[in-house]
Amino acid sequence: MRAMSVDPIVNSLNEAQRRAVTSDADRLLVLAGAGSGKTRVLVHRIAWLIQACHLAPHNILAVTFTNKAAAEMRHRIESLLRAPLGAMWVGTFHGIAHRFLRLHWQEAKLPQNFQILDSDDQLRLVKRVMRGMELDETRWPPKQAQGFINSNKDEGLRPEHIDDYGDIHQKTLVNIYQQYQDACQTGGMVDFAELLLRSHELWLKQPALLQHYRQRFRHVLVDEFQDTNRIQYAWLRMLVGNDNAITIVGDDDQSIYGWRGARVENIRQFGDDFGRAEVVRLEQNYRSTSIILNAANGVITHNSDRLGKNLWTSGAEGDPISVYAGFNEVDEARFIAERIQHALQQGHRRDDIAILYRSNAQSRVLEEALLRAAIPYRIYGGHRFFERAEIKNALAYLRLICHRDDDAAFERVVNTPTRGLGDKSLERIRALARELKIPLWQASLQVLQHRELATKAGNALKGFLALIEQLDQETRGTGLSEQAERVIGASGLIAFHKNEKDDRGEARVENLKELISATREFEISLQQESATLAAFLDHAALEAGETQAGENEDSVQMMTLHAAKGLEFPIVFMAGVEEGLFPSMQSADDPHRMEEERRLCYVGITRAMKNLYITYAESRRIYGSEALHAPSRFIREIPIHLLQEVRASARLTRPMSTFDSGFGGVRERSAAYRGNNGYGGARIQADDSPYQLGRSVRHPKFGDGVIMGCEGQGPNARVRVNFRGEGEKWLVAQYARLEFV
DNA sequence: TCAGCGCATGTTTTT
DNA sequence: CATGCGCTGA
């Protein structure tokens, strides 16, 4: 390996990138603007450390925020070096902290088989603890308590470190935190924030261990440093110490997670705190046209709190940014769908196009518009695979099998599928568990022993305990996938979900089957012997699973602005760019939050490579009622010569011109708009086919529905109808006997 | 045990 | 508006 030339590592880099990659500074801060080759620098620097500085992969630790980023980084390093890097640690903060805790469970005072609690499990546990404290859930929202616990852990604080100011409210929350923590400890459970806090404390209390890792990790590299929170910062600080090297890469202008504890200040603090750092700025952008870049710069310069950086490109100027004012959100969506269709006709791939929005609630109308235009799309976000209820149920069975004391799992499935074990019996078990500070499983055994339950409930409980024991014994020594298959089969979950009356039941059964194949894939991806049930459960908890249906199909990408960070698309639509929505209303009063909104806008704009469309609606239905919003201040912050207003088709005259009125002047709405049917009506159809999109129809068998699409003409036309209850069907017009209603 | 009702609630999200 | 939750009654 050493004989290899380092040329490929540095040749393709620009001057700044090369300085960053080859720097011999112990503390290197790379301020990397959007699209400036951030990941590239990180990847090449690691390769450089290995090949030019002869650092063993074993001595390097690379930390990211998401599993996806970690996987991508490893992959890119390996393909650059053309060698696998088994010994190098690349992972998320949480993944790495977890690894430490697994290796040193004893020193960390955890049971060997401790389990990871995801936020859903955590909330349930918080609720349980609160019920034990007899707190009124309306006065003390469990979600808020959960947030309190997590944000304190993220700050590195234990209950005893929190000052309650003698305030009852605060006192109660601290108390909940304490009791929750006790419950975690007895149950051998660790939540996400705990992974970091615990491993930080582990080093604090075990200097020898810390020393060992300091000797091992000579160089630590961190991606997206602007997203680190306090505990992550402290964790890094401790691991690096005074003698090791650290490279951090980040962009203060892309800090959009302040609301969940990320501290941009960490970047600024880095220099002082770690000792003088060399700073390299990456300002040349390789992604976007200069118009898009200048727009982004125009917006972000309105923030005062910046380290300062100016992106530039040597590339083409490109097309102006299109701004469209929809008269309502349906019209806005219609416009977007129409433009997408146009782009597709020009030969663009659907994958090249993204629609970005501030809040998930916006996706629905957009989705409907794409559906109507028959454009395949994919929505990022929402529930991921391992977070789905049916999957969590199945996993709970598996968790109980390898860990009887897992109370979260116990609670979840003692009565799922329902087996006649009511809340009263359960409460008795919980009470005993609380009293004796023992897990629910053991409490159940005792309750049974003392015959404290009604016969029916008692038998149900006995049956449940026996089922778990039996499955454990039967599947001992069998492979993971076989075990999963057997357990899911015996749990009765399949029948349970099949019987659900919604049409969702079927999908759930499918998901359960997919879970079994996920265990198979897991076996294949690891060596057989390390693919244990416990390992799979960790995997499920730490990687919620990107698996989404239709992932491979070429489709338009829809996601929130947050979810878009780190991605790029030739064509980007930013929808709902209105005051109150984006920037969000709840950020209006706080200048810091307003700056974060602006950074979010900066992130959004810089996702676009060639074409950017900014759209907003003059009127939008929000929470049932209609709201009139002014165009977002962010539009005004873009230099006006970069913008081009897209006017609605000639059929209607706009009541307000975006530019003439100086944004947000006259808000008069003409009667012509009110009269239309909510489908962007007047403008949408010139079609003489009776099967118009959105039209309500009735079918003798399927009942009422709405036309979602139409192919062909005349009697042979095929019509796509979304029936209430029946879902979507394709019908041939001449046989369908559709009635218009 | 489960359906049905009234009520509160309503950004952004990874691990 | 629309969803999700807790509580109530059969």
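## Starting in the seven-stranded sheet

Which residue in β12 stands opposite Ala354? Gln557 is the one found there. Please keep in mind, as we go on, that this is a predicted model.

The pair belongs to the meeting of β10 with strand β12, residues 556-560, where four bridges hold a parallel pairing. On the sheet sits helix α26, residues 591-605, which touches β10, β13 (569-574) and β14. The direction of α26 makes about 140° with that of β13.

Stepping back, the open sheet here has seven strands, and following the order across takes you through β11-β12-β10-β13-β14-β9-β17, with parallel pairing. The edges belong to β11 (377-379) and β17 (643-646); each has a single partner strand, so one side of each is left without a neighbour in the sheet. On average, neighbouring strands in this sheet are turned by 25° against each other, direction ignored. Another helix to look for is α13, residues 290-300, lying across β9 (321-326) and β14 (608-617) and running at about 50° to β14.

## The six-stranded sheet

There is also an open sheet of six strands, again with parallel pairing, in the order β3-β2-β6-β7-β1-β8. Its edge strands are β3 (89-92) and β8 (278-282); because each has a single partner strand, one side of each is left without a neighbour in the sheet. From one strand to the next, the twist averages 15°.

Within this sheet, four bridges link β2 (residues 60-64) and β6 (residues 219-222) in the parallel sense. Here Ile60 stands opposite His219 in β6. Helix α3, residues 38-51, lies across β1 (27-32), β2, β6, β7 (245-250) and β8, and runs at about 170° to β6.

## Arg358 and its surroundings

Now back to β10 and what follows it. Arg358 is placed in the loop between β10 (353-357) and α15 (363-372). Its side chain makes a polar contact of 2.5 Å with the side chain of Glu597.

Leaving aside residues up to four places away in sequence, Arg358 touches Thr560, Leu561, His562, Leu581, Phe582, Ser584, Glu597 and Leu600. Arg358 is also among the closest residues to DNA strand B, together with Asn67, Asn360, Thr560 and Arg593.

## DNA strand B

How many residues surround DNA strand B? The count is 29. Of the DNA strand B atoms that come within 4 Å of the protein, sugar and phosphate account for 48%. Sorted by class, the surface near this strand has 16 polar, seven nonpolar and six charged residues.

A few individual approaches are worth a look. A phosphate oxygen of DNA strand B lies 2.8 Å from a backbone N or O atom of Asn360. For Tyr623, a polar side-chain atom lies 3.2 Å from a phosphate oxygen of the strand. At Arg260, an N or O atom in the side chain is 3.3 Å from a sugar or linking oxygen of DNA strand B.

## DNA strand C

Lys127, Glu137, Arg364, Tyr623 and Gly624 surround DNA strand C. Sugar and phosphate make up 50% of the atoms of this strand that come within 4 Å of the protein. The surface near DNA strand C has three charged residues, one polar and one nonpolar.

The side chain of Arg364 has an N or O atom 2.9 Å from a phosphate oxygen of DNA strand C. From Gly624, a backbone N or O atom lies 3.5 Å from a sugar or linking oxygen of the strand.

## Backbone points to check

Most residues other than glycine have a negative phi, and most peptide bonds are trans. Here are some places to inspect with that in mind. A cis peptide bond, with omega about 10°, joins Phe582 and Pro583. Pro583 is in the loop between β13 and α26, and Phe582 is one of the residues that Arg358 touches. The bond from Thr416 to Pro417 is cis too, with omega near -5°; Pro417 has its place in the loop between α17 (407-413) and α18 (423-436).

Two lysines have positive phi values: Lys109, near 60°, and Lys437, about 50°. Lys109 lies in the loop between α5 (93-103) and β4 (115-117), while Lys437 lies in the loop between α18 and α19 (440-449). Are these lysines buried or exposed? Lys109 has 61% relative accessibility, so it counts as exposed. Lys437, at 56%, counts as exposed as well.

How values were computed:
Residues numbered from 1 in each chain as written. Chains lettered and ligands numbered in written order. Predicted model: local features only at pLDDT ≥ 70, side-chain atom pairs only at ≥ 80, totals over all residues. Heavy atoms only, no water. Helix = DSSP H or I, 4+ residues; strand = E, 2+ residues; numbered from the N terminus. Polar contact = N/O pair within 3.5 Å; in protein donor to acceptor, adjacent residues only side chain to side chain. Contact = heavy atoms within 4.5 Å. Near = heavy atom within 4 Å. Nonpolar A, V, L, I, M, F, W, Y, C, P; charged D, E, K, R; others polar. Pairing = 2+ DSSP bridges. Axes fitted to C-alpha atoms, helices over the stretch in contact; angles between N-to-C directions. Buried < 20%, exposed > 50% of the residue type's maximum accessible area, 1.4 Å probe, protein only.
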